[in-house]
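Please study the sequence and the model shown below before reading further. The paragraphs that follow lead through the structure step by step.

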Amino acid sequence: MLSATFARGRISRLRRAVAARAADEGLAGRALEDFVVAVNEIITNAVLHGGGGGRLRLWREQDRLWCEVSDDGPGLAPGWTPAPPPTAFAAGGRGLWLARLLCDRFTIVTGPEGTTVTLAAPVRDRPGHGETDHGDPLRQQPGHGEASPRGPR
């Protein structure tokens with residue numbers, strides 16, 4: 001669905017492409033915003049900490065939209081573990097934490113040849129794409145009636 005390389009100066013364009021494809025695949029409202037923010041955090045980390053750029057793949061598999069971001073940087077430090085939420089006044093350190101919070105699936109594979117982050121969000125079928133729309137008025141208004149796995153916002 002989408003496969004791209006990226007570097008500094010190309011993040012905004014890639015973020016817009018991810019948003020458009022994710023919307024085409026059925027993400028809408030808060031779920032779309034959350035997914036795009038999470039992807040943006042990961043591609044920004046690849047540019048800042050992973051060698052200046054990377055590769056992104058976006059695809060749909062059944063009821064999930066998946067995104068994989070890979071870089072050729074030095075990898076995370078040996079013994080790295082997910083950090084607790086950053087303090088309110090910390091200058092950075094929110095990217096991985098935020099992406100993990102915003103997506104329902106999140107994995108990191110890292111080593112001396114780079115890091116790959118994979119994340120996913122659930123998507124609903126759109127009318128005419130698998131499931132039939134049975135006239136549910138809420139289905140035509142993205143965001144209504146959707147529950148967040150993280151609770152109300």
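Is Arg-64 buried or exposed? Arg-64 is buried, for its relative accessible area is 13%, and the cut-off for a buried residue is under 20%. It should be noted at the outset that the model is predicted.

Arg-64 has a charged partner. Asp-104 forms a salt bridge with Arg-64, and the closest N and O atoms are 2.9 Å apart. Asp-104 is found in the loop between helix 3 (95–102) and strand 4 (105–111), whereas Arg-64 belongs to strand 3, so the pair ties together parts that are 40 residues apart in sequence. Unlike a buried residue, Asp-104 is partly exposed, with a relative accessible area of 33%.

This contact belongs to a wider set: a search of the whole structure finds five salt bridges. Another of them is formed by Glu-25 and Arg-60, whose closest N and O atoms are 3.6 Å apart. Glu-25 sits in the loop between helix 1 (11–24) and helix 2 (29–49), while Arg-60 is part of strand 2 (residues 53–61), so this salt bridge ties together parts that are 35 residues apart in sequence. Glu-25 is buried, with a relative accessible area of 17%. Arg-60, at 21%, is partly exposed.

A further salt bridge joins the side chains of Glu-68 and Arg-57, with an N to O distance of 3.2 Å. Here the link runs between distant parts of the chain, since Glu-68 is in strand 3 (residues 64–70) and Arg-57 in strand 2, eleven residues apart. Glu-68 has a relative accessibility of 21% and counts as partly exposed. Arg-57 also counts as partly exposed, at 38% relative accessibility.

Between strand 2 and strand 3 there is a loop, and Gln-62 lies in it. What is the phi of Gln-62? The angle is positive, at about 55 degrees, although Gln-62 is not a glycine. Most residues other than glycine have a negative phi. Gln-62 is exposed, with a relative accessible area of 71%. A positive phi also occurs just after helix 2, where Gly-51 has a value of about 100 degrees.

Attention may now turn to helix 2 itself. How many residues does helix 2 have? Helix 2 has 21 residues, and the distance from its first C-alpha to its last is 30 Å, close to the 30 Å expected at 1.5 Å a residue. Several of its residues are buried, including Leu-32, Phe-35, Val-36, Val-39, Ile-42, Ile-43, Ala-46 and Val-47. The buried residues of helix 2 also include Asp-34 and Asn-40. The geometry of a helix is useful when reading such a list: an α-helix has 3.6 residues a turn, so residues three or four places apart point the same way.

In helix 3, one residue to consider is Leu-101. Leu-101 is partly exposed, with a relative accessible area of 40%. The C-alpha atoms of Leu-101 and Pro-85 are separated by 9.9 Å, and the two residues are 16 residues apart along the chain.

The strands come next. Strand 3 is joined to strand 5 by seven bridges, and these two strands run antiparallel. Within strand 5, Thr-116 is the bridge partner of Ser-70. Strand 5 also pairs with strand 4 in the antiparallel sense, over seven bridges. For Phe-106, the bridge partner in strand 5 is Leu-119. Strand 4 and strand 5 form a hairpin, with two residues between them. How many of the nine residues of strand 5 are buried? Seven of the nine are buried, and strand 5 (residues 114–122) is accordingly described as mostly covered.

Finally, the cysteines deserve examination. How many disulfides does the structure hold? The structure holds zero disulfides. Cys-67 is in no disulfide, and the nearest cysteine sulfur, that of Cys-103, is 8.5 Å away. Why is there no bond between Cys-103 and Cys-67? The sulfur of Cys-103 is 8.5 Å from that of Cys-67, its closest cysteine sulfur, and this is too far for a bond; a disulfide would require the two sulfur atoms to be within 2.5 Å. Cys-67 is buried, with a relative accessible area of 1%. Cys-103 is buried as well, at 6%.

Methods. Residues numbered from 1 in each chain as written. Predicted model: local features only at pLDDT ≥ 70, side-chain atom pairs only at ≥ 80, totals over all residues. Heavy atoms only, no water. Salt bridge = Lys/Arg side-chain N within 4 Å of Asp/Glu carboxyl O. Helix = DSSP H or I, 4+ residues; strand = E, 2+ residues; numbered from the N terminus. Buried < 20%, exposed > 50% of the residue type's maximum accessible area, 1.4 Å probe, protein only. Expected span 1.5 Å × (residues − 1). Pairing = 2+ DSSP bridges.
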